[in-house]
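Reader: I'm new to this one and keep tripping over the terms. Could you walk me through them?

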Amino acid sequence: APSHQGVEGLLAMPGAADIRLVFDATSAGAHARHEQLLRPRGVRVIDLTPAAIGPYVVPAVNLDAHLDAPNINMVTCGGQATIPIVAAVAAVTPVFYGEIVASIASQSAGPGTRANIDEFTETTAQAIVGVGGARHGKAIIILNPAEPPLMMRDTVFCLTAPADRDAIARSVAAMADKVSAYVPGYRLKQEVQFEALPAEALAAYPELARSGGLKVSVFIEGEGAAHYLPAYAGNLD
């Protein structure tokens, strides 16, 4: 169908009744409309926008959790890169707060991404909690205008109680290997960083009033396959 006709044009084509699976990579606002058109036809939808109509799915963490859902949400590019790391830390010790910072080249941020900045931050933060296992989550996105364009970079910060640092580092490394099995350009840029935080700096977390806290920092680079977008666009591809 001509692109300007959108999903309506697709559904008007001969053979549309045979469509059983749709990947939607438009925008959060458009996806809400597409869901209304596709669900009555029994079409399953994989939502590549931050619309978050269906349950969140991050393959390295919960690939099998929603196999029967008619609509699944793939969170965001930043969420796919960082939530596995939050989950890896949470597998060792409770994460009281998880924060991610996703930095992508301006040239790889198209109109859909730019129109969905609010949805990106909200959906990613919710998935840090719902899938990553953190008690509270926050997401930040940075569009970097540097020339030449920089490779996609993501930073993950987790606040935990004092815990086994070696166990956390091993869990993070194992998770990075799991993600790189399907995103070969996904890699840790350096060893996991740890910083002990005094109890007096954690007034918002009474659970840590006596023990103090541990700040876990993980730095990720994502090189894309360059099938459609340039390699620096990372897992947007």
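Author: Sure, starting with a pair of helices: α4 and α7 cross in a right-handed way. That word is used when the near helix is turned clockwise from the far one by less than a right angle (anticlockwise would be left-handed). This is a predicted model, where local features need pLDDT of at least 70 and side-chain atom pairs count only at pLDDT 80 or more, while totals for chains, interfaces and linings use all residues. Residues are numbered from 1 along each chain as its sequence is written, and side-chain values use heavy atoms, with hydrogens and water left out.

Reader: What makes the contact between α4 and α7, and what is it by class?

Author: On α4 the residues are P84, I85, A88 and V89, and on α7 they are I168, S171, V172, M175 and V179. Contact means heavy atoms within 4.5 Å. By class, that gives eight nonpolar, one polar and no charged residues.

Reader: Why are α4 and α6 called roughly parallel?

Author: Helix α4 (residues 77-90) and helix α6 (residues 117-130) pack at an angle of about 20 degrees, with axes 10 Å apart. Angles under 35 degrees count as roughly parallel, so α4 and α6 earn the label. The contact is made by C77, G78, G79, I83 and V86 of α4 with F120, T124, A127 and I128 of α6.

Reader: Which classes do the residues in the contact of α4 with α6 fall into?

Author: Six are nonpolar, three polar and none charged. Ala, Val, Leu, Ile, Met, Phe, Trp, Tyr, Cys and Pro count as nonpolar, Asp, Glu, Lys and Arg as charged, and the others, Gly among them, as polar.

Reader: How much space lies in the largest pocket, and what lines it?

Author: About 1100 Å³ of space lies there. Of its 41 lining residues, the closest to the centre are L48, C77, N235, L236 and D237. By class, the lining has 21 nonpolar, 17 polar and three charged residues. Among the elements, α4, α5 (111-115) and β6 (152-160) each supply at least two lining residues.

Reader: What is the peptide bond from E147 to P148, cis or trans?

Author: Cis, with omega near -5 degrees. P148 sits in the loop between β5 (137-144) and β6.

Reader: What is the phi of V75, and where is V75?

Author: V75 has a positive phi of about 60 degrees, although it is not a glycine. V75 is in the loop between β3 (71-73) and α4.

Key: Axes fitted to C-alpha atoms, helices over the stretch in contact; angles between N-to-C directions. Helix = DSSP H or I, 4+ residues; strand = E, 2+ residues; numbered from the N terminus. Parallel < 35°, antiparallel > 145°, perpendicular 65-115°, else oblique. 1 Å grid on protein atoms, 1.4 Å probe; cavity = no way out; pocket = protein on both sides within 12 Å on 5 of 7 lines; lining within 4 Å. Points joined across faces, edges and corners; volume = space filled by probe spheres on them.
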